[in-house]
Structure formats: C-alpha cells, structure tokens
Amino acid sequence: MYLSGSHQCPIELKKNVIYFALRPTSSNFAAMNRIIITLYTLILAAAVHAQTECEDSCSHIHGIDLSHYQGNVFWEAIGENAKMAYVYLKATEGGDNIDDKYRRNIDLAHQNGLKVGSYHFYRARIPQEIQLRNFMAQCRPEDQDLIPMIDIETRSGLSQEEFRDSVFKFLKLVEKAYRQKPLIYTGANFYDHNFQHLLDDYKIMIAQYTKREPVLQDGRDITLWQYTAKGRINGINGHVDKSRFMGDHRLREIRFRHR
C-alpha cells in the first residue's frame, strides 16, 4: 500500500522510521519519566485546589443550609468544624409540607454546638395563614438561635403585583408571630426582577454561584451571600449549600430575640 503523492513511500519504510524513533533507550526512558512526573504533579495540584473550600482561605463567618436532600447527617463531624458557625434547616414548604429530617437535624445540631435557624419555602398561591400555621408548628421559638428565614424563589405563575402582595402579607404575619422580621433568602436575578427597593427593612441572603460577590441593581446592602450549592463538608455525603456574611456583618445581627 502506498501513500498518495508524487514521491510515494512504502509503509514498511515508515514503520522502520517509527520504530527507530521509539526504540527504548535510556534517554527515551528518562524523558518519558519526566513527562509522567510532570503530569502527575499537575493532576495532584488540581485535585488539591478543587478540594479547597472558601472557608479554608478567607476570614468571613461561614455557615450552611440543608434539608432532607442531604439525607442523614453526621452532626458530630459538622460540630467539630470550627469554620462553620451557623446552620439554617428547612422546616416547611407551602401549606402542609414538613421536612422529614427537620426534627432530627435541629436536635442534633443543637447537641453539637451549632447556632441554628429554620426556614420556610414560600408558595405564593397558598393562603398565607395556612403557610404560617405549618411553619409555626415546626419552627418553635424556644428552639431557635437565629431569626426565621423565608425562602422566596418562585412567583408560582402570579403577576408581579399579585406576587408582591402575597409575599408582603406573609412577611407581616411572620413578623407579628415571631415579634421580629425574618431573614429573606432569594436569588440575585430574582431579587432584581421582583424586589428592588422593596426589602430595605429586611436582612437578606442572596444566592449567586459565582466567584465575584453579588451586587444588586438597586445597590442595597446584602447581609449574607450563598456562594455555592456544591460545597463539601465532613459529615455530609454529597453537596451542601454554603453561605457567608458579607463585609462587616456578624452573626449577632441575625440572632433570634427571645422576649
């Protein structure tokens, strides 16, 4: 078989050239060893970098939030992690959904020294009073170290005006029931489209999974930043949401006031 072209070369000749180039010699082995060692070093460095979490390289106050999605959590290991100062646990969603890991999680989180808060996932079409009763049945004031958090991520098909009316009616009910304003959790884009200049009286946690800190279009202050949904921590099998305080904000700002 011959290659195309005016100066054709037999395949056998090419094989000889390749064999000559790859003949095992001491210099070839040394070069190959250097390449293998270099590749191994690069792979190892990349793996170490990938395992470095934000809390390992900064001085901010960090915490996590979790729900039944994380399964059974080894709270002893989390309690031993000095980098994790607080945890928000999902308690309820909508009018009748209760997180089946909530009671276990809050009891064990307290036993292992963590500051604990509870959150409710808000469903805008469900009557506010029904959602409040569901939340209060689980989020008992005597169990709370941190103010309640309301997770708002969807308009549930409502118009913006209907949605806002629904949200603020619920927030006022929560404030009256717990005698303090809740913390609001939402995404940066969702906030910009629905809440500009409307939540100035509330502390907010903003979800934005980028390396750069979130900046909202109305320029308002952000108390906490949830910076990843794929965090890793000893005691949890799989990913977990991680957050940290922004700027000079401190844990005392979201402590539950027991009256």
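How many bridges join strand 1 to strand 2, and do these strands run parallel or antiparallel? In the predicted model, the two strands are joined by 5 bridges and run parallel. One of the pairings places His62 opposite Met84, its bridge partner in strand 2. Strand 1, spanning residues 62-66, is also joined to strand 9 (residues 240-245), in this case by 4 bridges and in antiparallel orientation. Here the bridge partner of Gly63 is Ser243 of strand 9. Strand 1 is mostly covered, 5 of its 5 residues being buried. His62, Ile64 and Leu66 point one way from the strand, whereas Gly63 and Asp65 point the other way, and all are buried.

The confidence of the prediction varies along the chain. The mean pLDDT of the protein is 85, with 78% of residues reaching 70 or more. Over residues 1-22, however, the pLDDT is below 50, and this stretch has 11 contacts in the model beyond near neighbours in sequence. Residues 40-52 likewise stay under 50, and the model has 1 contact for them beyond four places in sequence.

The nonpolar interior was examined next. In soluble globular proteins, nonpolar side chains tend to be buried together. The largest nonpolar core of the model comprises 46 residues, of which Leu66, Trp75, Val87, Ile150 and Ile152 touch the most other members. Helix 6 (residues 160-178) gives the most to this core, contributing 6 residues. Apart from it lies another core, of 14 residues, including Tyr86, Tyr88, Met205 and Leu224.

Two of the highly connected members of the largest core, Ile150 and Ile152, were considered individually. With neighbours within four places in sequence left aside, Ile150 is in contact with His120, Tyr122, Phe135, Phe170, Leu171, Val174, Pro182, Leu183, Ile184 and Tyr185. Ile152 is placed in the loop between strand 5 (149-151) and helix 6. Ile152 counts as buried because its relative accessibility is 1%, under the 20% cut-off. Its contacts, again without neighbours within four places in sequence, are with Tyr122, Phe163, Val167, Ile184, Tyr185, Thr186, Phe190 and Phe195. For one of these residues, Thr186, the C-alpha to C-alpha distance from Ile152 is 5.3 Å, although the two are 34 residues apart in sequence.

Helix 5 (residues 128-138) has Gln128, Gln131, Leu132, Asn134, Phe135 and Gln138 as its buried residues. Viewed down the helix axis, these residues fall within an arc of 160 degrees and therefore line one face of helix 5. An α-helix has 3.6 residues a turn, so residues three or four places apart point the same way. The buried residues of helix 5 pack against strand 2 (84-93), strand 3 (97-98), helix 4 (102-111), strand 4 (115-121), strand 5 and helix 6. Gln138, within this helix, is classed as buried because its relative accessibility is 16%. Beyond neighbours within four places in sequence, Gln138 is in contact with Ala91, Thr92, Ile98, Tyr102 and Arg103.

A buried polar residue also occurs in strand 8 (residues 224-231), where Thr228 is located; Thr228 counts as buried because its relative accessibility is 17%. The side chain of Thr228 reaches the backbone nitrogen of Lys230 at 2.9 Å. Once neighbours within four places in sequence are set aside, Thr228 is in contact with Tyr209, Val240, Asp241 and Lys242.

Backbone geometry was considered last. Most residues other than glycine have a negative phi, and most peptide bonds are trans. Ser156, which is not a glycine, has a positive phi of about 55 degrees. Ser156 is placed in the loop between strand 5 and helix 6 and, at 23% relative accessibility, counts as partly exposed. His197 also has a positive phi, of about 65 degrees, without being a glycine. His197 is found in the loop between helix 7 (188-194) and strand 7 (204-207). With a relative accessibility of 53%, His197 counts as exposed.

Technical notes. Residues are numbered from 1 along each chain as its sequence is written. This is a predicted model: local features need pLDDT of at least 70, side-chain atom pairs count only at pLDDT 80 or more; totals for chains, interfaces and linings use all residues. Side-chain values use heavy atoms; hydrogens and water are left out. Buried means under 20% relative accessible area, exposed over 50%, partly exposed in between (1.4 Å probe, protein chains only). Contact means heavy atoms within 4.5 Å. A polar contact is a pair of N or O atoms within 3.5 Å; within protein, one must be able to donate a hydrogen and the other to accept it, and residues adjacent in sequence count only if both atoms are side-chain atoms. A nonpolar core is a set of buried Ala, Val, Leu, Ile, Met, Phe, Trp, Tyr and Cys residues joined through side-chain atoms within 4.5 Å. The arc is that of the directions from the helix axis to the C-beta atoms. Two strands pair if DSSP finds at least two bridges between them. pLDDT is the predictor's confidence in each residue, from 0 to 100.
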